[in-house]
Amino acid sequence: MTSLPGGSDTSASTAEPQPLVCARCGARSEGPQLTWTCSVENGTRHYFCDTCARENLRAIEGRLDSDWW
């Protein structure tokens, strides 16, 4: 048995989504944005808004191995 009778396994799905905050400028978004960039640095996710991502695209790509581009 994975849950109590009459209970629900959906408790995790009812949590409020956390707003995204740009790691560079502090811009906030209430949900996932297709134009934002996610970077994993030292095991931690960092999100960058579309403006910051565009302004720093060369620096972002410069950290990738050539296999990625």
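Reader: Which residue of E4 is the bridge partner of Cys38?
Author: Tyr47 in E4 is the partner of Cys38. Before we go on: this is a predicted model, where local features need pLDDT of at least 70 and side-chain atom pairs count only at pLDDT 80 or more, while totals for chains, interfaces and linings use all residues. Numbering starts from 1 along each chain as its sequence is written, and side-chain values use heavy atoms, with hydrogens and water left out.

Reader: What makes E3 and E4 a pair of strands?
Author: Strands pair if DSSP finds at least two bridges between them. Here 5 bridges join E3 (residues 37-41) to E4 (residues 44-48), so they qualify as a pair. The two run antiparallel, and Val40 stands opposite Arg45 in E4. Their hairpin has 2 residues between the strands, and Asn42 takes a positive phi near 55°.

Reader: How are helices and strands told apart and numbered, and how many does the protein chain have?
Author: They are DSSP runs (helices: H or I, at least four residues; strands: E, at least two), numbered from the N terminus. The protein chain has 2 helices and 4 strands, in the order β-β-β-β-α-α from the N terminus on.

Reader: Why is Ser39 called buried?
Author: Buried means under 20% relative accessible area, exposed over 50%, and partly exposed in between (1.4 Å probe, protein chains only). Ser39 has 15% relative accessibility, so it counts as buried. It lies in strand E3.

Reader: And why is Cys38 called partly exposed?
Author: Its relative accessibility is 38%, which falls between the two limits, so Cys38 counts as partly exposed.

Reader: What does Ser39 touch, not counting residues up to four places away in sequence?
Author: With contact meaning heavy atoms within 4.5 Å, Ser39 touches Thr44, Arg45, His46 and Phe48. Phe48, under the rule that leaves aside neighbours within four places, is in contact with Cys22, Ala23, Arg24, Trp36, Thr37, Ser39 and Glu41.

Reader: Which residues make up the largest nonpolar core?
Author: Phe48 is one of its 6 residues, along with Leu20, Cys22, Trp36, Cys49 and Cys52. Such a core is a set of buried Ala, Val, Leu, Ile, Met, Phe, Trp, Tyr and Cys residues joined through side-chain atoms within 4.5 Å. Cys22 meets the burial condition, at 3% relative accessibility. Across the 69 residues of the protein chain, 14% count as buried.

Reader: Why is the sulfur of Cys22 not in a bond with the closest cysteine sulfur?
Author: A disulfide is a pair of cysteine sulfur atoms within 2.5 Å. The closest cysteine sulfur, in Cys25, is 3.7 Å from that of Cys22, which is too far for a bond. A search of the whole structure finds 0 disulfides.
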